[in-house]
Amino acid sequence: MNHFYITTPIYYVNDKPHIGHAYTTILADVIARYRRQTGDHVFFLTGLDEHGQKVQHTAEKSDLTPKQHCDQMAPHFLNLWKQLQIKNDDFIRTTEPRHKVIVQQVLQAVYDAGDIYKGQYEGWYSVSEERFITDKERASGEFRDLQRISETNYYFRMEKYQGRLIEYIEQHPEFILPATRRNEILGKLREPIGDLCISRPKNRLSWGIDVPFDSDFVTYVWFDALLNYISVPGYGSDDRSFQKWWPADCHLIGKDILMTHAIYWPTMLFSAGIPLPKTIFAHGWWLSPKEDDKGLEKMSKSLGNVVNPLDLIDRFGVDSVRYYLMKEMVPGQDAYFSTESFLRRYNGELGNDLGNCIGRIHTLISRNFEGKLPDPSKGTESELDRDLRVAGEKLLTRVANAITELKVNEAIGQTMEYIKSINVYLARTEPWRLLKSEVQSDKDRAAMVLFISAEALRLGIQLLNPVMPQLVESLLPMVGDLCPDYTGISWGRLVPGTKLAPFVIPFPKIEG
Ligand code: MSP
């Protein structure tokens with residue numbers, strides 16, 4: 001059995017999640033569900049990044065200890081993931097002992113290997129990014145919450161691994177995706193990357209994991225956070241499990257945290273002698289209109305322009321929210337959320353193309369075959385039938401390929417095109433006309449056409465299951481699949497004579 005390990009970033013607990021965070025988690029969930037549906041053994045990990053200056057500051061502002069603050073915030077994430085139907089296999093909070101122990105273990109190993117030294121630092125720190133930035137980065141004006149810092153710290157010899165990293169990226173084109181992000185990183189690697197400061201003195205920041213070889217310091221939050229990807233599947237604690245899941249197949253991230261994932265993380269792994277993950281995929285941002293309405297900017301809590309996923313779920317239902325976010329964004333590019341584009345997809349693609357197709361087939365079967373799937377065996381197969389079946393079989397491969405390339409929007413697009421083609425098939429074969437005929441062979445042909453349409457539609461709906469898991473469960477019985485099998489998918493599941501579940505309009509029209 002193929003093993004597939006996918007991760008999301010672990011989210012900072014200083015803010016409640018918005019659709020940018022929801023997007024990554026849904027994307028990972030959809031890919032994980034597609035994989036499970038084709039028989040893969042999947043491990044899907046998400047969680048929370050609970051240490052660091054940002055979290056400590058936020059807690060101080062609300063007169064809470066950092067731990068109390070984290071304990072208050074964690075349920076917001078857990079509740080949202082539940083509402084969004086996220087089926088993750090584990091949930092890590094970096095304050096858990098199972099993680100802390102491994103961070104210390106890796107730090108000690110890297111220290112013992114001679115890759116950590118003590119030194120003096122003077123420079124700029126961006127609290128919002130939780131990292132030191134170069135003078136060049138500061139001059140770009142893109143960084144917020146800057147502090148001038150001068151202190152003694154521990155450093156990781158990151159630059160030692162620069163040449164090896166360049167070579168690795170060049171030899172593994174799938175390591176950083178999309179290709180534009182890979183080029184961006186190769187561009188950064190043309191300049192010396194320097195060493196990475198991996199500690200914070202406790203007298204400035206106490207909220208972190210103790211450095212094992214010096215109790216005056218805590219671990220830098222990114223060094224701690226990135227290690228969640230290996231601490232959870234069992235690095236240093238459960239070799240069998242770790243062998244099974246590592247290297248991860250895919251780290252899904254947003255483009256703003258590419259450098260930490262594509263430079264810090266692989267060099268840390270090189271030093272610790274651990275293989276690198278197979279793919280780091282950086283998606284784009286959800287944007288919002290700027291306050292002055294002149295252009296768009298990244299959606300973020302600090303800019304006050306966020307869309308709350310819970311509000312969307314309340315108004316439109318969880319399945320359409322998942323559908324919209326997955327279909328609207330081309331992974332890798334930025335996207336812009338608007339109610340108009342939401343309603344266009346909801347009323348048009350879901351209501352008309354999918355909802356009406358189910359309604360039409362259901363009505364014809366209910367009125368003419370007592371609501372039971374008709375027997376197709378007496379009709380003769382025409383070229384149109386064959387084309388629909390072959391296209392359905394091809395669709396399975398196409399969707400699988402799109403998912404392998406992480407192009408979820410394309411997988412959905414292909415499926416929706418197929419569903420539209422069932423409407424075209426019906427218009428060409430005209431079962432409603434055949435059913436009015438007195439000739440038995442016309443009636444037999446209509447039975448066949450309707451059975452094939454139901455089968456094609458079942459296939460299309462099941463391919464949407466990873467995207468709309470809640471709704472699909474009620475849609476499949478409406479086309480005659482009463483006990484759906486989500487662990488495999490192929491043409492030819494329906495059984496003649498099966499009674500269809502009553503039709504309920506799945507996407508009632510919503511006015512703007
Ligand atoms: N804690 C770090 C990640 C550590 S992973 C080892 C972090 N957390 S975060 O909460 O600030 O961001 C988490 C993810 O949300 C990032 O991938 C980021 O790109 C994503 N997004 C935050 N705002 C976003 C948008 N407006 N649009 C899309 N994704 C964005 O960074």
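**Note on the salt bridges, ligand site and sheets**

1. R131 is buried, with a relative accessible area of 7%. The cut-off for that word is under 20%. Keep in mind that this is a predicted model. What does R131 pair with in a salt bridge? The partner is E129, and the closest N and O atoms are 3.9 Å apart. Salt bridges here are counted within 4 Å. Is E129 buried or partly exposed? E129 is partly exposed, at a relative accessible area of 25%. So the pair joins a buried residue, R131, to a partly exposed one, E129.

2. Now the salt bridges as a group. Side chains of opposite charge can pair when their charged atoms come close. How many salt bridges does the structure hold? The count is 32.

3. Take E349 and K327. Their closest N and O atoms are 3.0 Å apart, and they form a salt bridge. This pair links distant parts of the chain. E349 sits in helix 14 (residues 339–368), K327 in helix 13 (residues 318–328), and 22 residues separate them. Both E349 and K327 are buried.

4. Next, D385 and R445. A salt bridge joins their side chains, at 2.8 Å from N to O. Why does this pair tie together parts that are 60 residues apart in sequence? Because D385 lies in helix 15 (residues 383–404), while R445 lies in helix 18 (residues 440–464). D385 and R445 are both buried. Elsewhere, E50, K67, D71 and R93 are joined into one network by salt bridges that share partners.

5. Turn to the ligand. It is surrounded by 23 residues, and the closest are I10, D49, D256, W286 and M299. The shell divides into 13 nonpolar, seven polar and three charged residues. Which element gives the largest share of the shell? Strand 1 does, with four residues.

6. Polar backbone atoms also reach the ligand. A polar backbone atom of I10 is 2.8 Å from a ligand nitrogen. For G254, a backbone N or O atom lies 2.8 Å from a ligand oxygen. W286 has a polar backbone atom 2.8 Å from a nitrogen of the ligand. How much of the ligand's accessible area does the protein cover? On its own the ligand has 670 Å², and the protein covers 95% of that. Two or more shell residues come from each of strand 1 (3–12), helix 1 (19–37), helix 8 (221–226) and strand 11 (250–254).

7. W286 also belongs in the account of the sheets. Strands of a sheet pair through backbone hydrogen bonds, either parallel or antiparallel. One open sheet has three strands in the order 14-13-15, and its pairing is mixed. Strand 14 (296–298) and strand 15 (335–336) are its edge strands, each pairing on one side only. Strand 13 (residues 286–289) pairs with strand 15 in the parallel sense, over two bridges. There, W286 stands opposite A335 of strand 15.

8. Another open sheet has four strands, in the order 5-4-6-8, with antiparallel pairing. Strand 5 (131–133) and strand 8 (196–197) are at the edges. Each has a single partner strand, so one side of each is left without a neighbour in the sheet. Strand 4 (residues 116–126) pairs with strand 5 over three bridges, in the antiparallel sense. W124 has I133, in strand 5, as its bridge partner.

Note on methods: Residues are numbered from 1 along each chain as its sequence is written. This is a predicted model: local features need pLDDT of at least 70, side-chain atom pairs count only at pLDDT 80 or more; totals for chains, interfaces and linings use all residues. Side-chain values use heavy atoms; hydrogens and water are left out. A residue is near a molecule or strand if one of its heavy atoms lies within 4 Å of it. A polar contact is a pair of N or O atoms within 3.5 Å; within protein, one must be able to donate a hydrogen and the other to accept it, and residues adjacent in sequence count only if both atoms are side-chain atoms. Accessible areas come from the Shrake-Rupley method with a 1.4 Å probe; for residues, only the protein chains shown count as cover. Ala, Val, Leu, Ile, Met, Phe, Trp, Tyr, Cys and Pro count as nonpolar, Asp, Glu, Lys and Arg as charged, and the others, Gly among them, as polar. Buried means under 20% relative accessible area, exposed over 50%, partly exposed in between (1.4 Å probe, protein chains only). Two strands pair if DSSP finds at least two bridges between them.
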